[in-house]
Amino acid sequence: GRPVSGAQAPPPQSPPKPPSKPPSAPTPRRSPKGDRRRKELVGIATRLFAAKGFDKTSLQDIADEAGLTKAAVYYHFPDKARLYEAVVVSRLAENYAQVLAAVDLAGGPLDRLEAFVRTTARRIDEDRAGWVASSSIYRVLGPQDLAPAIRTGRDRLERLLREIVVEAIEAGDLREVDPAMLGRLIYSALNHIPRWHSPSGRLSAEMVAMQYYDMVIEGVRRR
């Protein structure tokens, strides 16, 4: 029969909704106690990685040193590589904080450059295990597999050094060399010191670094 006057046509049907994604697992909340435990494990791992090497250090070794079960270590770090990443990130963060504080207190560009070199080398004397443990980063993780936090920590240190070099060039203290190249030269020389330097030797890492600094700066100083 005829449609009833004033009756509304049925609304068009909406297309079916795509199936919803399964909810992701909630991120475990970090407690102060958990943070302290993580820091303790990072400290123990740093010492063992420096003394025995990454390959010869097991999570069981770290658990035994901490007086924990291996399962307790897994609660904080899913595998040895993630614990190694935490070691490197921790060292980079501490280095950056101390170097930045020293640079901010320095005067002109060359003073800032010296502060960067001196403070970095002093960190080698103070935290040799951290430097030795971190020196295998590219072998352990591979240059393409660095965690974002490691890249960030490394890049901001290199960027700070490069910015200081640019300041020194613009101030007329240094010749117009490639800032990135000079920065890599200085940073690579500093990073290489723990590979051969003996803490019981005649010179501290800081003394070695300052000799490097004098040689490099005299080579690029504007005459």
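Helices here are DSSP runs of H or I with at least four residues, and strands are runs of E with at least two, both numbered from the N terminus. With that convention, let me start at one small feature: just after H8, Gly-172 takes a positive phi of about 85°.

Before going on, I should say that this is a predicted model, in which local features need pLDDT of at least 70 and side-chain atom pairs count only at pLDDT 80 or more, while totals for chains, interfaces and linings use all residues. Residues are numbered from 1 along each chain as its sequence is written, and side-chain values use heavy atoms, with hydrogens and water left out.

Now the overall picture. The protein chain has 10 helices and zero strands, so that, read along the sequence, the pattern is α-α-α-α-α-α-α-α-α-α. Of its 223 residues, 38% are buried, where buried means under 20% relative accessible area, exposed means over 50%, and partly exposed lies in between, with a 1.4 Å probe and protein chains only. The chain exposes about 13,900 Å², and carbon and sulfur atoms supply 54% of that; the areas come from the Shrake-Rupley method with a 1.4 Å probe, and for residues only the protein chains shown count as cover. If we take contacts, meaning heavy atoms within 4.5 Å, between residues at least 6 apart in sequence, 67% of them join residues at least 24 apart.

Let me turn to H4. The 26 residues of this helix, residues 80–105, should span 38 Å at 1.5 Å a residue, and the end C-alpha atoms are indeed 38 Å apart, which agrees; the expected span is 1.5 Å times one less than the number of residues. At the start of H4, a side-chain oxygen of Asp-79 reaches to within 3.1 Å of the backbone nitrogen of Ala-81. The side chain of Asp-79 also meets that of Arg-82 in a salt bridge, at 3.4 Å from N to O, the term requiring a side-chain nitrogen of Lys or Arg within 4 Å of a carboxyl oxygen of Asp or Glu. Both partners are partly exposed, Asp-79 at 29% relative accessibility and Arg-82 at 31%. Further along, Glu-85 is found in H4 and is buried, with a relative accessible area of 12%. Leaving aside neighbours within four places in sequence, Glu-85 is in contact with Leu-141, Ala-147 and Ile-150.

Ile-150 brings us to H8, where it is one of the buried residues, a list that also includes Gly-153, Arg-154 and Leu-157. H8, residues 148–170, has 23 residues and reaches 32 Å from its first C-alpha to its last, close to the 33 Å expected at 1.5 Å a residue. Which helices do the buried residues of H8 pack against? They pack against H4, H5, H7 (137–141) and H9 (179–196).

That leads to the core. A nonpolar core is a set of buried Ala, Val, Leu, Ile, Met, Phe, Trp, Tyr and Cys residues joined through side-chain atoms within 4.5 Å, and of the 60 residues in the largest one, Ile-62, Leu-113 and Phe-116 touch the most other members. The largest share of this core, 10 residues, comes from H4. Not counting neighbours within four places in sequence, Leu-113 is in contact with Leu-161, Ile-164, Val-165, Ile-186, Tyr-213 and Ile-217.

Finally, the charged pairs, where the count comes to 14 salt bridges. Arg-118 and Glu-206 meet through their side chains at 2.9 Å, N to O. Arg-118 lies in H5 (residues 109–126) and Glu-206 in H10 (residues 205–220), so the pair ties together parts that are 88 residues apart in sequence. Arg-118 is partly exposed at 27% relative accessibility, whereas Glu-206, at 15%, counts as buried. Salt bridges that share partners join Glu-114, Arg-118, Arg-122 and Glu-206 into one network. Arg-123 forms a salt bridge with Asp-127, the closest N and O atoms being 3.5 Å apart, and both of these residues are buried.

Key
A polar contact is a pair of N or O atoms within 3.5 Å; within protein, one must be able to donate a hydrogen and the other to accept it, and residues adjacent in sequence count only if both atoms are side-chain atoms.
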